[in-house]
Protein chains: 2
Amino acid sequence: MTNEFALPKYNQTAVPAEDASTSKKGRSTVKLDTLKVPRASELVAERLRELIVSGSVPEGENLPSEKELVMQLGVSRATLREALRMLETEGLITTKTGPKGGATVHHPNSSNLTRSLALLLQLEKTPLQTILEARRLLEPLCANLAAERITPAELEELRAALQMMKENLADTRMYVEAQLRFHLAIFAATHNEVLRLYTTSVGELITAQTARVGLSEAARKTGVKACEGILVALENRDGGLAARRVEAHLRAFETLLLK
Amino acid sequence: MTNEFALPKYNQTAVPAEDASTSKKGRSTVKLDTLKVPRASELVAERLRELIVSGSVPEGENLPSEKELVMQLGVSRATLREALRMLETEGLITTKTGPKGGATVHHPNSSNLTRSLALLLQLEKTPLQTILEARRLLEPLCANLAAERITPAELEELRAALQMMKENLADTRMYVEAQLRFHLAIFAATHNEVLRLYTTSVGELITAQTARVGLSEAARKTGVKACEGILVALENRDGGLAARRVEAHLRAFETLLLK
DNA sequence: TTATAACATTTGTCTGACAAATAGACTTCA
DNA sequence: TGAAGTCTATTTGTCAGACAAATGTTATAA
């Protein structure tokens with residue numbers, strides 16, 4: 001493994017180790033974790049996953065066909081296919097039928113993380129308010145960091161996103177997309193992958209919601225103004241100002257969205 | 001759907017809509033998204049997922065047996081099992097063999113989010129340094145918020161975690177676990193589910209790494225002192241002080257871990 | 001009462017078959 | 001020539017049936 005940290009295994013015992021020594025006789029009281037017998041399909045998924053994350057099968061390439069994998073791995077097609085469904089759920093592959101079809105390797109993007117988060121939040125019945133609050137706290141942090149680290153190319157991307165917002169003041173769907181692009185550009189400029197992924201997930205969730213309920217024309221115009229101010233602050237590398245402007249922008253946005 | 005936001009679908013078209021009008025004749029240039037034909041297994045997974053997230057099958061209960069599901073849904077066992085593997089990967093069910101076995105419903109916890117994050121970071125070859133930085137930025141934010149909102153019960157949990165740290169100064173594994181517990185208690189005290197999940201994931205990743213490389217006895221002792229200071233700041237509801245102390249604690253921790 | 005054995009239930013795996021989608025080669029016809 | 005349709009081979013998607021393995025439950029024997 002070349003990386004600095006390892007992928008946690010599914011196989012970990014969630015059940016606490018039970019004390020097996022209930023007998024009165026003088027038996028050993030050695031405590032053992034419950035033994036998790038892995039399924040063949042899990043082992044297959046592990047092997048294939050390792051192939052992918054190690055880069056042996058690069059992005060865009062196909063895995064061998066099911067027929068070949070069945071031969072090479074020595075399992076039945078049903079077992080193999082269950083493993084493929086696991087990898088698919090993890091966002092590591094997609095499959096297509098027909099010749100030249102098969103399992104294509106992908107590097108999962110933030111959408112998988114977003115999905116996991118959405119699932120958790122839905123189950124906890126987390127109100128939108130909470131997600132908005134998280135964004136309001138996280139994004140100023142990002143803006144502050146981005147002001148230090150942003151590159152000319154990233155500034156250019158911000159300008160392009162802003163331009164796109166201006167050009168689509170009439171079209172809610174396009175405008176919302178452009179605004180997301182603006183925000184994502186800030187996250188990328190933090191040059192911190194973890195922060196970028198987190199804020200991207202939250203941004204995607206909120207954007208989906210915004211696209212559903214829509215935004216007034218006035219809201220869009222003030223949004224453009226706010227983003228212009230944020231851009232200027234970043235251009236001047238004034239992290240404090242950028243953070244304050246982002247927070248003000250988000251607060252204004254929240255009241256518009258919730259009313 | 002009772003919740004305020006919807007779960008994004010896997011089914012979304014990742015491929016951009018192609019312009020089908022390459023002909024010279026006067027054809028319509030209507031643009032259509034590529035039609036994604038869902039598999040039966042995906043539809044089954046969707047139905048069962050809806051059953052779970054809607055609460056129709058509560059946590060801890062079992063889904064019907066495969067035999068029954070096959071009958072009720074009218075699909076083959078292979079198809080059903082592929083769907084079950086998807087739900088399992090999402091953390092929504094676990095399965096056991098034997099009588100009274102079957103698919104038990106679980107509400108996924110942060111470990112799924114952690115896993116998604118770990119997968120992404122591993123693929124991007126993100127250095128540990130980046131994860132540590134993210135934590136150093138996020139946790140002071142949490143401490144600040146927690147100072148406002150922490151309840152007496154949560155303060156008690158913090159004290160218990162601190163006590164556990166003190167009692168396990170000799171045992172690295174237990175000590176690290178206790179320290180994680182302390183941090184998780186702070187995250188919970190923010191009463192913001194999104195922040196809690198995010199910081200928990202980062203904390204779990206770093207804790208796993210820490211447990212692997214170990215911590216010196218001296219590091220543990222200073223860790224206890226730092227946490228005592230943080231606890232006092234939270235008891236006094238001094239958010240600014242708590243945040244500063246958390247940041248100092250993490251900085252010290254980082255230098256110890258990386259050296 | 002306790003240990004053992006038989007049983008029933010449920011998931012895990014395998015095999016073989018056919019249906020559906022689809023890229024590429026081939027054919028037809030203007 | 002070229003544009004359209006047709007055929008074919010490949011690959012995934014689904015089905016049906018069978019047996020193995022794990023594991024609670026119940027009956028049986030010491």
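Here are four short exercises on this predicted model, each with a worked solution.

**Exercise 1.** Work out what span helix α8 of chain B should have, and check it against the model.

*Solution.* Start with the residue count: α8(B) runs over residues 193-213, which makes 21 residues. The expected span is 1.5 Å times one less than the number of residues, so the helix should span 30 Å. Now look at the end C-alpha atoms: they're 30 Å apart, which agrees. Right after the helix sits G214(B), with a positive phi near 85 degrees.

**Exercise 2.** Describe the side of chain B that touches chain A.

*Solution.* First, the count: 49 residues of chain B are in contact with 49 residues of chain A. Next, the helices: α1, α3, α4, α5 and α8 of chain B each supply at least two residues of that side. The largest share, 12 residues, comes from α4(B). Finally, sort the residues of this side by type, and you get 27 nonpolar, 12 polar and 10 charged.

**Exercise 3.** Find out which residues come nearest to DNA strand C, and what surrounds it.

*Solution.* There are 24 residues around the strand, and A40(A), S76(A), T79(A), G98(A) and G102(B) come nearest. Elements giving two or more residues are α1 and α3 of chain A, together with α2 and β2 of chain B. With 3 residues, α3(A) gives the most. By type, this surface divides into 7 nonpolar, 11 polar and 6 charged residues.

**Exercise 4.** Decide how far to trust chain A, going by its pLDDT.

*Solution.* Begin with the whole chain: the mean pLDDT is 88, and 87% of the residues of chain A reach 70 or more. Then zoom in on residues 9-26 of chain A, where pLDDT stays under 50. For that stretch the model has 13 contacts beyond four places in sequence.

Notes:
Residues numbered from 1 in each chain as written. Chains lettered and ligands numbered in written order. Predicted model: local features only at pLDDT ≥ 70, side-chain atom pairs only at ≥ 80, totals over all residues. Helix = DSSP H or I, 4+ residues; strand = E, 2+ residues; numbered from the N terminus. Contact = placed C-beta atoms within 7 Å. Nonpolar A, V, L, I, M, F, W, Y, C, P; charged D, E, K, R; others polar. pLDDT = per-residue confidence, 0-100. Near = placed C-beta within 6 Å.
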